[in-house]
Number of protein chains: 2
Amino acid sequence: MPVLVMKFGGTSVATPDRIRRAAKRVGVEVAKGYDVIVIVSAMAGETNKLVGYVDEISPLFDAREYDAVVSSGENVTAGLMALTLQEMDVPARSWQGWQVPVQTTDAHANARIEAIPSDNISRKFAEGMKVAVVAGFQGISPEGRITTLGRGGSDTTAVAFAAAFDAERCDIYTDVDGVYTTDPRICEKARKLDRIAFEEMLELASLGAKVLQTRSVELAMRYKVKLRVLSSFEEMDDAAGTLVCDEEDIMENKVVAGVAYSRDEAKMTLVSVADRPGIAAAIFGPLAEAGVNVDMIVQNIAEEGRTDMTFSCPTNQVARAEKAMNDAKASGAINFNELVADTGVAKVSVVGIGMRSHAGVAAKMFKVLAGEGINIKVITTSEIKISVLIDRKYMELAVQALHDAFELEKAG
Amino acid sequence: MPVLVMKFGGTSVATPDRIRRAAKRVGVEVAKGYDVIVIVSAMAGETNKLVGYVDEISPLFDAREYDAVVSSGENVTAGLMALTLQEMDVPARSWQGWQVPVQTTDAHANARIEAIPSDNISRKFAEGMKVAVVAGFQGISPEGRITTLGRGGSDTTAVAFAAAFDAERCDIYTDVDGVYTTDPRICEKARKLDRIAFEEMLELASLGAKVLQTRSVELAMRYKVKLRVLSSFEEMDDAAGTLVCDEEDIMENKVVAGVAYSRDEAKMTLVSVADRPGIAAAIFGPLAEAGVNVDMIVQNIAEEGRTDMTFSCPTNQVARAEKAMNDAKASGAINFNELVADTGVAKVSVVGIGMRSHAGVAAKMFKVLAGEGINIKVITTSEIKISVLIDRKYMELAVQALHDAFELEKAG
């Protein structure tokens, strides 16, 4: 029998009624002849409640105990989903991570899946079971302790099972009905994409279009897992949602696939840094140690022997970044005149694998923004992405203007 | 190091604050030099919530999935308790049932513990860990699936660990401060017992004094585990609570240890049953199959060839009992004139191992009740217990009168 993996997120299993609704979709796929592996998240709100307990008790927690606590929400949903399917006369049973076993590293709270032996579940499929319900987000360490995969880890669980069972497809049911050319909440012309390439999805995921966990997309790309994102709240048909796939499987051939944004950015500038070989390491080493997620980096030579170093990071890490820089200055490791933090910025990016073969995308983007009177503060580019930092008040305008200019409302 | 087992029930771990309070008590025992095994229940209300989900989804549930779901509450508490102890600088870690492993039968939702290998936890004690926190109520079946031990199963988990680790004592922390001569809510002279014999505790447990799960007392008696019941809400000292122990360890030597009652009783009488060999089996077989928990049984010969058969059962099983008896009559298996159900009765019992060697307890009990004008409807006796069914309206009066007559307010 061909295997299908279906993953349901927290809002899709938030109540027994929603679990029933999700189970009906599973039943439809079983009726088509699939053996189905269902990956479930915790009921919406449960994991946050458990994390809240841990934070209240032990702010600097032992991650092994954190994992033992927060993994329990998925176990509940897995059992309830199996019971619901049984009530619908679909032969099903639940597996917790250690029962499969989902073997992971021992990096507790942020473990990576190393192997998923398929024999246990395959044997049950051979005996006539139609659905294996697996608790997402969790695994077992080499030492036999429970691990979790980090927030959004159930997506990664789903893709890893799809790879291990050579599944025909991995369907991610969520509360949006697919991947859009941009956020429909700020651009009403946003269009749902039928297909998007793995590389584009990776850039969009890391740029704040939080449809899929980044690692799940990486994994799907490596193992060529066809990943479909679709809503558990709308009527289902085979063409629904967005298929994330290899670029050669994509017919529509746009240069730019989408416009992403991130509101939560700050721009930090170290003014007049005494320049010398190794100065970048002396700055970004301490920032990394302080847990600051540096995104864009730009260096300008201001005058002989001095440089301005600009970087961006999430707004809520500004205080940490300032402390790390001032400590480094106090210790003599670096020297600068001034540290300027600008928390009123946003990042806007255009993403598309077509850029690889089409020149002029950057020039067009800058012209569009200039035409709207929007000043660009920082620019970075990759092979398939151009990102700019701009004043936050222009963010929606920039997204809409770029969406129009690249004609993203039109298919193909 | 000597090992101590400490068990905390749901109300004792209902919030992070209460967990902290419980952890402090554990810390006190660690400071005395014990290696401590802590058995925890789910936070109060959690298990009921999970059972509610299962009932909503699947009234005739697959008990294997039920177990996977309802066992998760204990896992949460175990992790939180370990974190709390670590915050207090007490080296601790959590174990879920399958990690120990607590090996049980595969009678899901009502499994029995078969073995608890001590090597995993003992090795950690040898490495310097001071507290093993174990999720109560759960284990693992021979097939590797999660099992639960039935309601109140954490008491049994605690006693089984005390037996497996040859613990010096098993302390059961609960929301009452010990075992009383009778229920203080209906008899203000009720006195907390310092000690009570296993056999007496067994009778009291099964008679509705719901301090300990019956099976935990049976297990403690078989393995000679010293069991102490005490409150987690009061100041602790070594003499606190009630010690449940072998009768030879008890100094105070009363004939009657306590007066128990059960409000939730119904008296059923099959009037004028056609008597023949095997008639009792023909009556009580169908009742057992219908899941009716028959308690007292009395047979009176009314006339030649006919008999009246009276039995008691919980009030909420009366309808089921009536159906089973009417079905049996309809099928011709038994024959009776009338089935009379009296749901206005209560059971009152006096319990004491001293009865074995003291005659006259029954006579005194009947005289006391007669003196209060209370009519006795059914009597049964065992070696250490005398029970009577009376009108429910006299229940409190009977308990108080018997408590006075046997001078239970006085120690020793």
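A residue is called exposed here when its relative accessible area is over 50%, buried when that value is under 20%, and partly exposed in between. With this scale in hand, we can walk through the structure, which is a predicted model, beginning with a residue that the scale helps to describe. Glu143(B) has a relative accessibility of 51%, and because this is over the cut-off of 50%, Glu143(B) counts as exposed.

The side chain of Glu143(B) does not stand alone, since it forms a salt bridge with Lys124(A), in which the closest N and O atoms are 3.7 Å apart. This pair crosses between the chains: Lys124(A) belongs to helix α5 (residues 119-126) of chain A, whereas Glu143(B) sits in the loop between β7 (138-140) and β8 (146-148) of chain B. The partner in chain A falls into another class of the scale, for Lys124(A) has a relative accessibility of 22% and therefore counts as partly exposed.

That salt bridge leads us to the interface as a whole. Here 41 residues of chain B are in contact with 41 residues of chain A, and the area buried between the two chains is about 3,400 Å², of which carbon and sulfur atoms give 58%. Between chain B and chain A there are 4 salt bridges, and across the same interface 8 residue pairs are found in polar contact, both residues being at pLDDT 80 or more. On the side of chain B that touches chain A, the elements that give two or more residues are α1 (16-31), α2 (46-57), α3 (63-70), α4 (72-87) and β3 (92-95) of chain B. The largest share of that side comes from α4(B), which gives 10 residues.

How are the two chains arranged with respect to each other? In general, two copies of a chain are related by a rotation about an axis and a shift along it. In this model, chain B can be laid on chain A with an RMSD of 0.1 Å by a turn of 180° and a shift of 0.0 Å along the axis, and this is therefore the relation of a two-fold axis. Within chain B, the C-alpha nearest the axis is that of Ser72(B), at 2.8 Å from it. Both copies use the same surface, as 100% of the contact residues of chain B recur in chain A.

Salt bridges are also found inside the individual chains, and over all chains the count comes to 50. In chain A, the side chains of Asp342(A) and Lys377(A) meet in one of them, with an N to O distance of 3.1 Å. This pair links distant parts of the chain, for Asp342(A) lies in strand β16 (residues 338-351) and Lys377(A) in strand β17 (residues 376-382) of chain A, 35 residues apart. Lys377(A) has a relative accessibility of 30%, so it counts as partly exposed.

Chain B offers a further example, in which Glu247(B) forms a salt bridge with Arg356(B), the closest N and O atoms being 2.9 Å apart. Here too the pair links distant parts of the chain, since the residues are 109 residues apart: Glu247(B) is in the loop between β12 (242-245) and β13 (258-274), and Arg356(B) is in the loop between β16 (338-351) and α11 (361-371), both of chain B. Glu247(B), at 28% relative accessibility, counts as partly exposed, and Arg356(B), at 37%, counts as partly exposed as well. Elsewhere, salt bridges that share partners join Glu46(A), Lys49(A), Glu46(B) and Lys49(B) into one network.

We can close with residues that a database record singles out. An unreviewed UniProt entry places the feature "binding site" at several positions of chain A, including Gly10(A) and Tyr180(A). Are these two buried or partly exposed? Gly10(A), with a relative accessibility of 18%, counts as buried because this value is under 20%, whereas Tyr180(A), with a relative accessible area of 24%, is partly exposed.

Gly10(A) is placed in the loop between β1 (3-8) and α1 (16-31) of chain A, and, leaving aside residues up to four places away in sequence, it touches Ser41(A), Ala42(A), Met43(A) and Ala44(A). Tyr180(A) lies in the loop between β9 (169-174) and β10 (195-197) of chain A, where, with residues up to four places away in sequence again not counted, Tyr180(A) touches Ala190(A), Arg191(A), Lys192(A) and Leu193(A). In addition, a polar contact of 2.9 Å joins the side chain of Tyr180(A) to that of Asp177(A).

Methods: Residues numbered from 1 in each chain as written. Chains lettered and ligands numbered in written order. Predicted model: local features only at pLDDT ≥ 70, side-chain atom pairs only at ≥ 80, totals over all residues. Heavy atoms only, no water. UniProt positions renumbered as here; feature names shortened; annotations may be inferred. Helix = DSSP H or I, 4+ residues; strand = E, 2+ residues; numbered from the N terminus. Buried < 20%, exposed > 50% of the residue type's maximum accessible area, 1.4 Å probe, protein only. Contact = heavy atoms within 4.5 Å. Polar contact = N/O pair within 3.5 Å; in protein donor to acceptor, adjacent residues only side chain to side chain. Least-squares fit on C-alpha atoms with pLDDT ≥ 70 in both. Buried area = accessible area lost by both parts, 1.4 Å probe.
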